[in-house]
Amino acid sequence: ADLARALEMGRGPGLADAIAALGPHGSTRSIDLGRARFVAHDGKIARRFFLVGADLGLGGETTALIEAQPTRAKAMGGVLTYLVAAIGAILAHQPAEITYAIDDRPPITAKVNMIFIANGAYTGGGMHIAPGASLDDGRFDVLIHRSTPKMEILTRLLPAIYRGAHRSEE
């Protein structure tokens, strides 16, 4: 749904159906493809490609909670499913001290809750995580959320992310 929104395909048919409906002579558009390189849980270097975004910390923990839910719990719809899982992830989360580097900049070591590399403006069933992000501008928006008390995340940051207002509140 977030990729369909970024491609301005609306909320009609599923993404695969919408793409198929374009047919062989439908409109085409080039979009950016991201590649993340990281140290995985097993200590080995891993690489992943992404279209909408890639995250570390709370985003991944939220996704893990969603994937562990039975199918009937996911039937609530994207927004509610992600919201409930995000609240659970926030309550269980402990910030981690990590070392990260973006592009060719020097590595930074900091305690963080989340790093999100955005190619599209939305993630997590409608969170407006990167209001200025565009799939085809040749750039990624990088959001780094350092260690913050859980109640502040729940009461201020999470609602602001859904509105796309979190960057102006930092």
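**View A. The β1–β2 hairpin and its bridges.** Two strands are taken as paired when DSSP finds at least two bridges between them. With that in hand, look at β2, where R47 is the bridge partner of R37. Bear in mind throughout that this is a predicted model. The two strands here, β1 (residues 34-39) and β2, run antiparallel and share six bridges. Another of the pairs joins G34 to F50 in β2. Five residues sit between the strands of this hairpin, and G43 has a positive phi near 90°. As a reminder for reading side chains here, they alternate between the two faces of the sheet in a regular strand.

**View B. L51, in the loop after β2.** Move along from β2 (45-50) and you land on L51, in the loop that leads to β3 (53-57). Is L51 buried or exposed? Neither, quite: its relative accessible area is 34%, so L51 counts as partly exposed. Setting aside residues up to four places away in sequence, L51 touches L3, I31, D32, L33, N119 and L135. Take D32 from that list: 19 residues separate D32 from L51 in sequence, while their C-alpha atoms are 7.0 Å apart.

**View C. Helix α3 crossing helix α5.** Here α3 (residues 58-68) meets α5 (residues 78-92), with axes that come within 8 Å and cross at roughly 120°. The crossing is right-handed. On the α3 side, the contact is built from L58, E61, T62, L65 and I66. From α5 come T81, Y82, A85, A86, G88, A89 and I90. Sort the residues of this contact by type and you get eight nonpolar, three polar and one charged.

**View D. L58 and its surroundings.** L58 belongs to helix α3. With a relative accessibility of 10%, L58 falls under the 20% cut-off, so it counts as buried. Who does L58 touch, leaving aside its neighbours within four places in sequence? The list runs A89, I90, H93, N113, M114 and I153. There's a long-range pairing to look for as well: L58 and I115 are 57 residues apart along the chain, yet their C-alpha atoms are separated by 8.4 Å.

**View E. H93, in the loop after α5.** H93 is found between α5 and β4 (96-100), in a loop. Being in a loop doesn't leave H93 out in the open: its relative accessible area is 5%, so it is buried. Once residues up to four places away are set aside, H93 touches L58, E61, V112, N113 and K150. Both L58 and E61 also take part in the contact of α3 with α5.

**View F. The largest nonpolar core.** In soluble globular proteins, nonpolar side chains tend to be buried together. In this model, the largest such core has 17 residues. The ones with the most contacts inside the core are L58, I90, F116, A118, I129, A130 and L143. Which elements each supply at least two residues? They are α5, β5 (108-118) and α6 (150-163). The largest share, five residues, comes from α6. A second, separate core has six residues, among them Y100, I102, A110 and V112.

**View G. F116 and D141 in contact.** F116 is one of the core residues with the most contacts. Not counting neighbours within four places in sequence, F116 is in contact with G53, A54, D55, T123, I129, D141, V142 and L143. Now switch to D141, which sits in strand β6 (residues 141-146). D141 has a relative accessible area of 9%, so this aspartate is buried. Apart from residues up to four places away, D141 touches F116, I117, A118, A130, G132, A133 and R167.

**View H. The whole chain, for orientation.** Zoom out and there are seven helices and six strands. In sequence order the pattern reads α-α-β-β-β-α-α-α-β-β-β-α-α. Of the 170 residues in the chain, 34% are buried. Among contacts with a separation of 6 or more, 54% link residues 24 or more positions apart.

Technical notes:
Residues numbered from 1 in each chain as written. Predicted model: local features only at pLDDT ≥ 70, side-chain atom pairs only at ≥ 80, totals over all residues. Heavy atoms only, no water. Helix = DSSP H or I, 4+ residues; strand = E, 2+ residues; numbered from the N terminus. Buried < 20%, exposed > 50% of the residue type's maximum accessible area, 1.4 Å probe, protein only. Contact = heavy atoms within 4.5 Å. Axes fitted to C-alpha atoms, helices over the stretch in contact; angles between N-to-C directions. Left-handed = near helix turned anticlockwise from the far one by under 90°. Nonpolar A, V, L, I, M, F, W, Y, C, P; charged D, E, K, R; others polar. Core = buried A, V, L, I, M, F, W, Y, C linked by side-chain atoms within 4.5 Å.
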